[in-house]
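Student: Please take me through this model, one question at a time.

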Amino acid sequence: MPFPLLIPLLAIKGALVGRFVYRGRLRARADRQFRCTVKTGPGPTGHIHIPVGTRDLDVYYESSPTANFVVSRRGMKWVNGDPKEVTDEDLKLIHATLSAWARARGSTVVGFDA
């Protein structure tokens, strides 16, 4: 009698599908709240476009098994191109903004090396 086994399997499938749908909606809501876009590239790379303060920032990232987004200072560029370098004061604001965005999204961000 395979029918009694089918009901628990359908319940497990529904729970897994529901979790993925909820995760997608949670991430989309956090992205809208922070006015952020995430574009994935080939493989485990991509970039995040996020407003920081009064300027827009592009952050290039890689994914790893332990973190969703691994970023570095070299991968950060202001959209308008000015100033060319990200200063230490800017880095503190960027770190706070990206950390809050990732926490709201249910993701992890690591990096911020010099």
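Tutor: Two strands pair if DSSP finds at least two bridges between them; strands (E, at least two residues) and helices (H or I, at least four) are DSSP runs, numbered from the N terminus. The model is predicted, so local features need pLDDT of at least 70 and side-chain atom pairs pLDDT 80 or more, while totals for chains, interfaces and linings use all residues. Residues are numbered from 1 along each chain, and side-chain values use heavy atoms, without hydrogens and water.

Student: How many bridges join strand 2 to strand 3?

Tutor: The two strands form a hairpin with 2 residues between them, and Gly53 in the turn has a positive phi of about 65°. His49 stands opposite Asp58 in strand 3. The strands run antiparallel, and the number of bridges is 8.

Student: Which residue in strand 2 stands opposite Lys39?

Tutor: Strand 1 (residues 37–40) pairs with strand 2 in the antiparallel sense over 4 bridges. Their hairpin has 4 residues between the strands, with Gly43 in the turn at a positive phi of about 75°. Opposite Lys39 is His47.

Student: Which element gives the largest share of the largest nonpolar core?

Tutor: Such a core joins buried Ala, Val, Leu, Ile, Met, Phe, Trp, Tyr and Cys residues through side-chain atoms within 4.5 Å; buried means under 20% relative accessible area (1.4 Å probe, protein chains only). Of its 19 residues, Ile48, Met76, Ile94, Trp101 and Phe112 touch the most other members. Strand 2 (45–52), strand 3 (55–62), strand 4 (69–78) and helix 2 (88–105) each give two or more residues. The largest share, 5 residues, comes from helix 2.

Notes
Buried means under 20% relative accessible area, exposed over 50%, partly exposed in between (1.4 Å probe, protein chains only).
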